[in-house]
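Please look through the sequence and the model shown here before reading on. The paragraphs below treat backbone angles in loops and then a pocket.

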Amino acid sequence: MAGQSDARGGHPLTSGVIGILFMTGGIGFAVIGELRERRRQHGWRVLLQPSRFSVQTRLVIEATVALNLLSLVVILALEWRNPGTLGAMASHGERLLAAAFMAITPRTAGFSVIDSAEMTQASTLWTMALMFIGGGSGSTASGIKLTTFVVLLLTTRAFLRSEPSPTLHGRRIGDDTVFKSIAVALAAMLLIFSMLFGLTITDPDHAFLSLAFETVSAFGTVGLSHGLTLELSPGGQLLIIATMLLGRTGPLALGYLLATRSRPGISYARTELSIG
């Protein structure tokens with residue numbers, strides 16, 4: 001997007017505070033509320049007792065930490081010697097801080113301490129995956145949401161293990177939750193594919209990876225950009241606008257429809273289909 005925020009050249013403390021703020025906003029207000037309530041009841045020691053928290057809260061916190069750490073390792077490995085990004089920084093500490101910042105920001109915010117357009121293709125693809133996943137349910141972030149992504153992973157694991165249903169922390173995940181996760185993820189992928197297909201028609205002169213990056217960023221309302229927004233044709237800019245609107249409101253509307261769907265009065269006979 002043209003309005004990408006830039007934290008380059010800022011003080012490390014400033015970058016750290018900003019990172020903590022948008023990471024906090026990205027885990028979801030329900031999680032923050034439960035953490036606050038448990039701390040009020042049991043003190044700070046409750047943070048060392050994860051069993052006292054709901055499965056939802058534990059999932060979001062554990063997945064957030066794991067994904068952030070994995071992203072940090074990936075970005076460090078791919079960008080450490082890149083002269084356009086981390087390789088241009090003077091000290092190892094500065095590189096580490098910048099990599100940590102960029103590991104967190106794609107899922108929740110549009111701040112950047114490096115030039116996104118100078119990242120390697122592998123880092124760009126990884127960042128797109130983070131923007132697609134987004135933050136926790138009920139958070140300030142968009143994307144398909146972290147919970148949806150984890151449910152899809154657990155469902156795949158259950159299938160590969162021939163288990164009847166996915167489980168997490170000793171609890172079975174209901175079929176409705178699995179179906180909702182599949183529907184939300186598939187709808188998001190169809191939206192991104194449709195808008196990206198449109199951009200390749202309206203703006204065929206731009207690099208495909210940059211167009212894809214802009215599209216996924218718009219879907220996640222992240223704000224990171226390769227700087228193409230001003231260079232897009234009027235039709236392309238309209239597609240980006242539509243992607244931002246649908247990316248922000250679409251999952252909410254779809255979730256509402258799935259939550260309030262009516263049950264049919266007819267039960268059809270079961271059939272089997274060949275998959276894969």
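**Two loops and a pocket**

Thr221 lies in the loop between α8 (208–219) and α9 (234–259), where helices (H or I, at least four residues) and strands (E, at least two) are DSSP runs, numbered from the N terminus. This is a predicted model, in which local features need pLDDT of at least 70 and side-chain atom pairs count only at pLDDT 80 or more, whereas totals for chains, interfaces and linings use all residues. Residues are numbered from 1 along each chain as its sequence is written, and side-chain values use heavy atoms, with hydrogens and water left out.

Although Thr221 is not a glycine, its phi is positive, near 45 degrees, and its relative accessibility of 33% makes Thr221 partly exposed (buried is under 20% relative accessible area, exposed over 50%, partly exposed in between, with a 1.4 Å probe and protein chains only). Ser162, likewise not a glycine, has a positive phi of about 60 degrees; Ser162 sits in the loop between α6 (146–160) and β1 (167–168) and is exposed, with a relative accessible area of 67%.

The largest pocket (an open set of points on a 1 Å grid over the protein atoms alone, where a 1.4 Å probe fits, with protein on both sides within 12 Å along at least five of seven lines) has a volume of about 600 Å³, the volume being the space filled by probe spheres set on the points, which are joined across faces, edges and corners. Of its 16 lining residues, those with an atom within 4 Å of a point, the closest to the centre are Thr155, Phe159, Val178, Phe179 and Ile182. The elements that give two or more residues to this lining are α6 and α7 (175–202).
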